[in-house]
Amino acid sequence: MDEYTTLAIIAVAALAHASFQLSISMLTLLSSHTIGKKNTHNNLLLRTHAFVIGAGVMTLLLISSLALVLSYIYSATATPLFIWIIGCGLLTGVGISVAIFYYRKEAGTSLWIPRPMARYLSSRTKSTSSSAESFSLGMVSAISEILFTLAPIFIAAFSLVQLHPIWQLVGIAVYTIISLSSLIVVNCLISSGHSISKVQKWREANKRFLQLASGALLIILAVYIYVEHVMLAVALTAAGEI
Amino acid sequence: MDNQQSTGVIKRAGKRATEEFDKNKVFSSVQAACLSVRSPEGDADMIATIVSDLVDLWRSTRYAVTSHDLRRVASDHLKDLAPEAAYLYKHHQLVL
């Protein structure tokens with residue numbers, strides 16, 4: 001498999017990551033509370049930018065750490081077929097779960113996460129009063145989403161392992177930037193003076209579409225990887241034996 | 001108009017301690033919602049005063065209300081004055 005195909009897989013996985021909404025919800029809440037407390041626009045910019053950078057740093061750390069762990073497994077194993085199968089299973093499981101359960105049925109954009117956790121994140125977001133806290137909050141948001149993002153991060157990390165070291169850096173950058181793209185867009189909208197209620201209304205109006213799109217993206221990626229890496233390897237082995 | 005009769009506010013269906021109704025809390029939360037949708041400060045103060053007065057009047061005939069009721073009544077009044085702010089006010093707990 002060439003570098004471009006691998007990078008394309010990483011980009012699609014990052015796109016699926018970008019479609020998850022927990023960090024975006026937290027950014028929306030953070031902006032709403034910051035403006036509501038009569039902070040200056042500079043303060044708003046500092047906090048929202050710090051939040052996005054925090055989320056980016058944590059995503060970078062997560063994918064790099066997982067890639068490191070997988071690189072040890074990869075070098076110690078003759079065939080990485082079982083890792084691809086685990087990855088496909090994760091993608092399919094998360095994809096189906098997201099397509100069915102991701103948003104709660106009530107109004108708004110509340111997610112299928114434990115309510116005490118949602119309340120804690122909400123109260124932490126509300127009490128954030130500096131850019132350093134916002135940075136930490138961004139990091140926490142990336143960790144809180146890990147139940148959903150683990151599958152795309154896993155696949156991207158394992159794809160990275162098979163690249164040349166220079167391409168690995170490119171792959172990490174591609175994944176981090178694309179996975180942050182939705183946060184960056186919302187941050188730009190808020191920073192440029194758009195109303196938070198309009199952003200929130202758009203998210204609520206399109207939540208079912210976003211849910212279906214991210215679920216479908218994960219399942220399509222799983223099918224592609226299964227055919228490309230698992231079925232092909234099995235077919236080639238069988239052909240060799242004949 | 002100030003209503004002297006005290007009213008208990010039952011929070012989160014009784015899971016948190018009941019507390020006295022505080023008009024200033026309603027004022028601050030409505031004002032914050034208005035500012036969040038980038039209403040000018042003067043408008044936000046005026047709208048928050050009107051809404052908190054109306055909520056105060058509504059609760060004055062009751063011995064106890066729930067925090068959910070307060071939010072619903074406040075957002076109903078706010079909807080007429082600032083629909084965008086009312087949307088945020090009503091749904092702020094449903095963002096996450």
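1. Two strands count as paired here if DSSP finds at least two bridges between them. By that rule, β1(B) and strand β3 (residues 64-66) of chain B go together in the parallel sense, with three bridges. One spot to look at is Ile10(B), which sits opposite Thr66(B) in β3(B). Keep in mind throughout that this is a predicted model.

2. β1 of chain B has another partner to look at. Strand β1 (residues 8-11) and β2(B) pair in the antiparallel sense, again over three bridges. If you want to trace the register by eye, Gly8(B) has Glu20(B) as its bridge partner in β2(B), and Val9(B) stands opposite Glu19(B). As for cover, strand β2 (residues 16-20) of chain B has hardly any: of its five residues, the count that are buried is zero. When you look at side chains here, remember that in a regular strand they alternate between the two faces of the sheet.

3. Now the contact between the chains. How many residues does each chain put into the contact? Chain A gives 23 residues and chain B gives 13 residues. On the chain A side, α2 (22-36), α5 (115-126) and α9 (196-205) each supply at least two residues. The biggest giver on that side is α2(A), with seven residues. By type, the chain A residues that touch chain B split into eight nonpolar, eleven polar and four charged.

4. Helix α4 of chain A is worth a slow look. This helix (residues 81-101) has 21 residues and reaches 30 Å from its first C-alpha to its last, close to the 30 Å expected at 1.5 Å a residue. Its buried residues are Gly87(A), Cys88(A), Leu91(A), Val94(A), Gly95(A) and Val98(A). Those residues cover an arc of only 145° around the axis, so they end up on the same side of α4(A). Turn to the other side of α4(A) and you find Phe82(A) and Ile100(A) exposed.

5. What does Ala222(A) touch, leaving out residues up to four places away in sequence? The list is Cys88(A), Leu91(A), Thr92(A) and Gly95(A). Among the buried residues of α4(A) are Cys88(A), Leu91(A) and Gly95(A), so you can start from that helix and look across. Ala222(A) itself lies in helix α10 (residues 207-241) of chain A. It counts as buried because it has 22 C-beta neighbours inside 10 Å, and the cut-off for buried is 20 or more. Ala222(A) and Leu91(A) are 131 residues apart in sequence, yet their C-alpha atoms are 5.6 Å apart in space.

6. Leu218(A) is also found in helix α10 of chain A. Buried or exposed? Leu218(A) counts as buried, because it has 29 C-beta neighbours inside 10 Å. Not counting residues up to four places away in sequence, Leu218(A) touches Ala16(A), Leu91(A), Val94(A), Gly95(A), Val98(A) and Ala151(A). The Ala16(A) contact joins distant parts of the chain: Leu218(A) and Ala16(A) are 202 residues apart along the chain, with their C-alpha atoms separated by 6.4 Å.

7. Helix α8 of chain A (residues 165-191) has a bend. Its 27 residues should span 39 Å at 1.5 Å a residue, and the end C-alpha atoms are 36 Å apart, which agrees. Where is the bend in α8(A)? At Ser181(A), and the angle is about 50°. The buried residues of α8(A) include Gly171(A), Tyr175(A), Leu180(A), Leu183(A) and Ile190(A). Just after α8(A), Gly193(A) takes a positive phi of about 95°.

8. Last, two backbone angles to check. Most residues other than glycine have a negative phi. Lys38(A) is not a glycine, but has a positive phi of about 60°. This lysine, Lys38(A), sits in the loop between α2 and α3 (41-76) of chain A, and counts as exposed because it has 12 C-beta neighbours inside 10 Å. In chain B, Arg38(B) has a positive phi of about 65° and is not a glycine either. Arg38(B) is in the loop between α1 (23-36) and α2 (41-59) of chain B. With 15 other C-beta atoms within 10 Å, Arg38(B) is partly exposed.

Key. Residues numbered from 1 in each chain as written. Chains lettered and ligands numbered in written order. Predicted model: local features only at pLDDT ≥ 70, side-chain atom pairs only at ≥ 80, totals over all residues. Helix = DSSP H or I, 4+ residues; strand = E, 2+ residues; numbered from the N terminus. Expected span 1.5 Å × (residues − 1). Arc of directions from axis to C-beta. Contact = placed C-beta atoms within 7 Å. Nonpolar A, V, L, I, M, F, W, Y, C, P; charged D, E, K, R; others polar. Bend = angle between axes of the 7 residues up to and from the residue.
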